[in-house]
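Hi,

Here is the structure I promised to pass on. Have a look, and my notes on it follow underneath.

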Amino acid sequence: MKKALFLLLFIITLGFAQEKGDENVSIEQKIIYLSHDKKVESGYINQIVKLQYKAIIVDNFDEIHTELHNFYGFTLFSQEPQWVFDDSNRYHLSVYGKITEEFVKFPDVAVTLTTDHNTTHQESLQGKTLKAQSISQTDKFIGVISPRIKIINHSIEKFNDQSNIITMELEGELANFEDINLTLASKQGFDNLEVDYPLARVFYYAVIPNDIETLEFLTFNPVSGNYASKEIRFDTSNLGQKISTQIELNPNKKKFPYLEVMVIGTLVVFVLILLIKTKHWIFLVLLTIIIGFSSWLLLKETRVTILSQSSVYLLPIENSTLFYKTERNLEAIRLKTTKTYVKVLLPDEKVGWVR
């Protein structure tokens with residue numbers, strides 16, 4: 001009898017414990033499951049990387065808040081990351097950043113959900129760690145790390161008697177264009193760095209020795225772990241003649257410069273014929289006046305005065321690099337005119353752009 005009573009009490013107690021356990025499981029049931037989508041297993045110092053996360057959310061929610069924290073050796077670019085829902089009922093998060101040191105820890109991800117019942121659920125995922133590699137330096141390596149680099153456009157112009165200025169428009173996938181460095185350049189920089197990750201585009205310029213006709217440089221492909229060689233050939237055959245051929249009458253004021261030249265030329269020939277036939281001094285004076293006036297008119301059209309404290313830029317684009325500031329009024333030769341800039345030849349034979 002006692003054994004039967006003990007057995008009955010044991011079954012009741014076990015059933016109560018089981019019921020209590022099921023209740024606890026229901027209360028603590030997870031709403032969000034976080035995981036790494038694609039792990040970054042290796043990396044290089046100064047490399048820009050894409051971190052990808054995946055989330056499965058098993059309940060409706062009103063708001064989702066994501067915090068990225070607790071990282072080192074890494075600069076985070078994505079300040080307000082957004083989850084994207086796909087067809088497989090999963091959410092994906094992509095963030096971008098740059099490896100800056102040898103020992104790296106990627107950010108921890110903390111997600112807070114607010115459901116339509118006004119309850120919150122939290123889940124976190126620890127960031128991975130790795131040891132970044134250094135890229136062996138060579139003279140031709142320009143410091144850019146990217147799996148794909150494309151040269152969209154390039155040009156070359158005379159800068160002074162010893163140097164030319166080259167410009168290159170580059171596009172790259174996860175490219176760290178802010179670190180670009182051409183070792184043979186005496187002056188260099190970039191303008192209009194446009195970033196819409198994973199793509200980046202930059203307008204780069206460099207002042208290089210004028211005996212360089214072929215520019216060879218290396219970038220680094222982090223996927224293959226090898227250098228990628230690039231080569232650009234510049235046409236320098238007519239750079240010495242560019243200055244004289246670009247001096248022209250102001251196109252904004254003169255619609256028919258060739259017609260004016262023809263008229264003046266015809267007038268000079270006509271007066272010269274009269275001078276030869278009559279040998280009268282009046283035609284000599286007239287011929288001198290015509291030639292003098294024509295020369296003055298040409299100089300007037302090609303020479304400009306740059307006012308004191310004016311800025312002279314390397315390129316005719318917004319936020320271009322300032323390389324010279326006038327301390328006094330300066331006479332220069334106008335080479336070209338755009339809507340907002342004038343290309344000028346300075347007395348020291350350098351070429352620049354003035355707004």
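**Cavities and a small set of strands**

Who lines the largest cavity, by residue type? The residues of its lining split into three charged, two polar and four nonpolar. Bear in mind throughout that this is a predicted model.

To back up a step, the count of cavities of 30 Å³ or more comes to two. The largest cavity has a volume of about 80 Å³. If you want to pull up its walls, select His36, Lys38, Lys39, Val40, Leu51, Gln52, Tyr53, Phe106 and Lys128. Two strands, E1 (32-38) and E2 (48-57), each provide at least two residues of that lining. E2 is the top contributor, giving three residues.

The other thing I looked at is a sheet further along the chain. Three strands make up this open sheet, in the order E11-E16-E17, and the pairing is mixed. Strand E11 (141-145) and strand E17 (226-233) are the edges, each pairing on one side only. On average, neighbouring strands here are turned by 30° against each other, ignoring direction.

Within that sheet, take a look at how E16 and E17 go together. E16 covers residues 214-221 and runs antiparallel to E17, with eight bridges joining the two. If you'd like one pair to zoom in on, try Asn221, whose bridge partner in E17 is Asn226.

That's what I have so far. Shout if you'd like to go through any of it together.

Cheers

Technical notes: Residues numbered from 1 in each chain as written. Predicted model: local features only at pLDDT ≥ 70, side-chain atom pairs only at ≥ 80, totals over all residues. Heavy atoms only, no water. 1 Å grid on protein atoms, 1.4 Å probe; cavity = no way out; pocket = protein on both sides within 12 Å on 5 of 7 lines; lining within 4 Å. Points joined across faces, edges and corners; volume = space filled by probe spheres on them. Helix = DSSP H or I, 4+ residues; strand = E, 2+ residues; numbered from the N terminus. Nonpolar A, V, L, I, M, F, W, Y, C, P; charged D, E, K, R; others polar. Pairing = 2+ DSSP bridges. Axes fitted to C-alpha atoms, helices over the stretch in contact; angles between N-to-C directions.
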